Amino acid sequence: MALASIQRVNGGPPPLPVSLRLEATRWGDLDRSTVNALKLNLTNNGARGDLKDDGVPAGSLFRKLIDDAQLGIANTSEWWAVTAWPGGSLYAGPVAWCLLRPEVRHLPTLRTGFYTGPQWRARGIARLLNNEAARLAHQLGYKRLVASPWNARSLAFFRAAGYGILCTYGGGMSSLAEMEIDEKPARLPWRCRLPEATT
Ligand SMILES: CC(C)(COP(=O)(O)OP(=O)(O)OC[C@H]1O[C@@H](n2cnc3c(N)ncnc32)[C@H](O)[C@@H]1OP(=O)(O)O)[C@@H](O)C(=O)NCCC(=O)NCCS
């Protein structure tokens with residue numbers, strides 16, 4: 001069997017460009033296998049290279065949130081997930097996602113968090129997820145997205161995605177980034193591009 005086939009069966013990215021399917025789903029409507037795939041494959045993990053700027057592995061808020069959701073101790077009634085699925089790949093699971101949770105602010109606000117599988121990074125997928133998240137947020141009546149970048153890469157991502165950085169992280173304090181949603185953004189094409197030379 002050719003090596004390329006083995007890599008594809010094992011979940012490596014297929015030749016690019018790839019069409020993606022993005023799905024916006026209420027948390028409670030996600031099937032159990034999808035939730036488990038998100039928890040196991042698409043949450044921060046030091047072994048996957050999810051490190052703070054000082055090289056220390058990051059803990060995973062997503063993982064804790066999913067655990068709490070599965071234990072029934074988190075109120076998930078207003079949570080949404082936007083998941084990205086590759087077309088034309090033998091890998092059947094989601095490759096990236098965004099979690100949206102309401103946050104109490106003077107403007108109706110959703111807190112975003114993103115995770116793209118390491119093999120799928122730097123292809124514009126999280127940017128697509130953020131576009132879809134902003135469209136969904138607008139549809140649901142939210143006026144603002146907020147996020148907390150925690151390392152140089154995530155800070156660069158949120159800046160590029162159009163968030164203003166209100167304060168940056170450091171000294172044990174998390175950062176705050178925000179994006180106002182005045183009108184529904186146009187949908188970006190659901191395709192991922194060739195990877196950039198970023199890591
Ligand atoms: C941050 C993260 C979500 C980015 O996902 P991604 O799918 O690789 O991001 P994209 O390819 O859509 O990048 C969009 C923009 O972000 C910036 N960016 C992304 N990765 C970058 C990197 N490693 N270095 C510098 N800039 C980067 C680029 O400006 C890029 O713009 P471009 O499309 O014009 O090149 C991904 O690295 C990840 O999952 N990291 C671990 C979890 C995390 O930190 N989540 C964010 C905080 S909740």
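Helices here are DSSP runs of H or I with at least four residues, strands are runs of E with at least two, and both are numbered from the N terminus. With that in hand, let's walk through this predicted model.

We can start with the overall layout. The chain holds 5 helices and 8 strands, and from the N terminus on they follow the order α-β-α-α-β-β-β-α-β-α-β-β-β. Of its 199 residues, 27% are buried. Among contacts with a separation of 6 or more, 66% link residues 24 or more positions apart.

A word on confidence before going further. The mean pLDDT of the chain is 89, with 87% of residues at 70 or more. Residues 1–10 stay under 50, and the model gives them 7 contacts beyond four places in sequence. Where pLDDT is low, the predicted coordinates should not be read in detail.

Now to the sheet. The 8 strands form an open sheet with mixed pairing, in the order S6-S7-S5-S4-S3-S2-S1-S8. Its edges are strand S6 (164–167) and strand S8 (191–192), each of which pairs on one side only. Strands of a sheet pair through backbone hydrogen bonds, either parallel or antiparallel. At one edge, S6 joins strand S7 (residues 176–180) in the antiparallel sense over 3 bridges, and Gly164 faces Glu178 of S7 there.

Further in, S4 is a good strand to pause on. Its partner S3 runs antiparallel to it and is joined to it by 8 bridges; Cys98 stands opposite Phe114 of S4. These two strands make a hairpin with 5 residues between them. Towards S5 the sense changes: S4 and S5 run parallel, joined by 3 bridges, with Thr109 opposite Arg144 of S5. How enclosed is S4? Because 6 of its 8 residues are buried, S4 is largely enclosed by the rest of the structure.

Helix H4 (residues 125–140) lies across strands S1 (18–26), S2 (80–86), S3 (96–103), S4 (109–116), S5 (144–147) and S8, and runs at about 35° to S3. In the loop between S4 and H4 sits Ala122. Ala122 has a positive phi of about 60°, although it is not a glycine. Is Ala122 buried or partly exposed? A residue needs 20 or more other C-beta atoms within 10 Å to be buried; Ala122 has 18 C-beta neighbours inside that distance, so it counts as partly exposed.

Asn41, in helix H2 (residues 32–41), offers another view of the fold. Asn41 is partly exposed because it has 17 other C-beta atoms within 10 Å. Leaving aside neighbours within four places in sequence, Asn41 is in contact with Gly93 and Gly117. Asn41 and Ala96 are 55 residues apart in sequence, yet their C-alpha atoms are 9.3 Å apart in space.

Finally, let's look at the ligand. It is surrounded by 23 residues, the closest being Thr116, Arg121, Ala126, Ala156 and Ala160. The elements giving two or more residues to this shell are S4, H4 and helix H5 (152–160). Which element gives the largest share of the shell? That is H5, with 5 residues. By character, the shell divides into 10 nonpolar, 7 polar and 6 charged residues.

Methods
Residues are numbered from 1 along each chain as its sequence is written. This is a predicted model: local features need pLDDT of at least 70, side-chain atom pairs count only at pLDDT 80 or more; totals for chains, interfaces and linings use all residues. Two strands pair if DSSP finds at least two bridges between them. Two residues are in contact if their C-beta atoms, placed from the backbone, lie within 7 Å. Axes are lines fitted to C-alpha atoms, for helices over the stretch in contact, and angles run from 0 to 180 degrees between N-to-C directions. A residue is buried if 20 or more other C-beta atoms lie within 10 Å of its own, exposed if 12 or fewer, and partly exposed in between; C-beta atoms are placed from the backbone. pLDDT is the predictor's confidence in each residue, from 0 to 100. A residue is near a molecule or strand if its C-beta atom, placed from the backbone, lies within 6 Å of it. Ala, Val, Leu, Ile, Met, Phe, Trp, Tyr, Cys and Pro count as nonpolar, Asp, Glu, Lys and Arg as charged, and the others, Gly among them, as polar.
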